[in-house]
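Here's a quick walk through a fold, going from whole-chain numbers to the sheets and then to one residue. Have a look at the model before reading on.

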Amino acid sequence: MRGPQRPPADGQRRQPDENDPLIKISEDLLEGTRPDGTAFPEGRMSVRFPAGSVVRKSVFDRCFPDATIDSVFPASGAAAGGTALTIRGRNFTPGTTVTIGGTAATDVVVVNDTLIECKAPAHAAGAVAVVVITDAGAATKAGGFTYA
């Protein structure tokens, strides 16, 4: 932990950065775990912030990279739902959820940080977005699945 802050050399007070606020860590975050208690994928960035520490939001967010969706297979399925899907991408985490056309997918299994398996819900015919929601936010593949 650092000692008292020294004023800037030019004597000017710095204004807080409203786009990068300070956040207070409410519980110990040990290396290899996220705030929800799930583990980082092996070989990935880990973090250690003791409870009560104060850090910039940008520093905290770098420890939780955004997910991306590279592909959805198969690309189409029955409007009645039930199509088994494989979603490939990056930075998927335990507890990740998936929506297809705005409706929650079922039987979601995060196999690892690059692979999700799930079943498409029923939906009207047409192309819809596939959305993967992780602890870092949502990744969207517009038109990622088409109901026939």
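In this predicted model, residues 24 or more positions apart account for 52% of the chain's contacts with a separation of 6 or more; a contact here means heavy atoms within 4.5 Å. Numbering starts from 1 along each chain as its sequence is written, and side-chain values use heavy atoms, leaving out hydrogens and water. Because the model is predicted, local features need pLDDT of at least 70 and side-chain atom pairs count only at pLDDT 80 or more, while totals for chains, interfaces and linings use all residues.

The chain has 148 residues, and 30% of them count as buried, that is, under 20% relative accessible area with a 1.4 Å probe, counting protein chains only (exposed is over 50%, partly exposed in between). About 9,200 Å² is exposed, with carbon and sulfur atoms supplying 53% of that; the areas come from the Shrake-Rupley method with a 1.4 Å probe.

As for secondary structure, there's one helix and eleven strands. These are DSSP runs numbered from the N terminus: H or I of at least four residues for helices, E of at least two for strands. Reading from the N terminus, two strands come before the helix, and strands follow it.

Now the sheets, where two strands pair if DSSP finds at least two bridges between them.

| Sheet order | Strands | Pairing | Edge strands |
|---|---|---|---|
| β3-β5-β9-β8 | four | antiparallel | β3 (68-73), β8 (106-112) |
| β4-β11-β10-β6-β7 | five | mixed | β4 (76-77), β7 (103-104) |

Both sheets are open. In the four-stranded one, the twist averages 20 degrees from one strand to the next, using axes fitted to C-alpha atoms (for helices, over the stretch in contact) and angles from 0 to 180 degrees between N-to-C directions. Its edge strand β3 pairs with β5 (residues 84-90) in the antiparallel sense over five bridges, and I69 has G89 in β5 as its bridge partner. In the five-stranded sheet, β4 runs parallel to β11 (residues 137-147) over two bridges, with G77 standing opposite Y147.

Finally, is T96 buried or exposed? T96 sits in the loop between β5 and β6 (97-100), and it's buried because its relative accessible area is 5%. Leaving out residues up to four places away in sequence, T96 touches V108, V110, I116, V132, I133 and T134. The T96 side chain also reaches the backbone oxygen of T93 at 2.5 Å.

Note on methods:
Polar contact = N/O pair within 3.5 Å; in protein donor to acceptor, adjacent residues only side chain to side chain.
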